[in-house]
Amino acid sequence: MTTSTSPEDLLLDRALAGDESAFVELVDLYHAPLLRFARTFVRQPSLAEDVVQDAWVGVLRGLERFERRSSFKTWLFRIVANRARTR
């Protein structure tokens with residue numbers, strides 16, 4: 001098994017180990033780009049914010065099921081796209 005040492009992977013490893021500050025860092029890193037992305041699906045800023053917040057809740061609840069078959073970023077953006085499409 002290859003050990004990845006990218007900053008994102010290290011944050012992800014820490015978050016998976018229960019480090020709340022690592023999860024907060026992931027939110028800080030991706031929240032603004034996710035909002036911009038959500039706005040491509042929903043036009044209202046408040047709805048885009050709801051979509052992204054809903055996605056973060058889903059990520060928090062399902063993080064342990066992330067299998068790393070794609071990058072965390074890809075997985076995260078896919079969750080936002082799926083949540084936005086259902087709105």
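**Salt bridges around Arg68 and Arg14**

Biologist: Asp9 and Arg68 form a salt bridge, with their closest N and O atoms 3.9 Å apart. Why is this pair called a salt bridge?

Modeller: A salt bridge is a side-chain nitrogen of Lys or Arg within 4 Å of a carboxyl oxygen of Asp or Glu. The closest N and O atoms of Asp9 and Arg68 are 3.9 Å apart, so the pair meets that rule. Asp9 lies in helix α1 and Arg68 in the loop between α3 and α4, so the pair ties together parts that are 59 residues apart in sequence. This is a predicted model, in which local features need pLDDT of at least 70 and side-chain atom pairs count only at pLDDT 80 or more, while totals for chains, interfaces and linings use all residues. Residues are numbered from 1 along each chain as its sequence is written, and side-chain values use heavy atoms, leaving out hydrogens and water.

Biologist: What makes Asp9 buried or exposed?

Modeller: Buried means under 20% relative accessible area, exposed over 50%, and partly exposed in between (1.4 Å probe, protein chains only). Asp9 has a relative accessible area of 15% and is therefore buried.

Biologist: Why is Arg68 called partly exposed?

Modeller: The relative accessible area of Arg68 is 36%, which lies between those two limits, so Arg68 is partly exposed.

Biologist: How do you know that Arg14 forms a salt bridge with Glu25?

Modeller: The closest N and O atoms of Arg14 and Glu25 are 3.4 Å apart, so the pair satisfies the salt-bridge rule. Arg14 is in helix α1 and Glu25 in helix α2, 11 residues apart.

Note on methods. Helix = DSSP H or I, 4+ residues; strand = E, 2+ residues; numbered from the N terminus.
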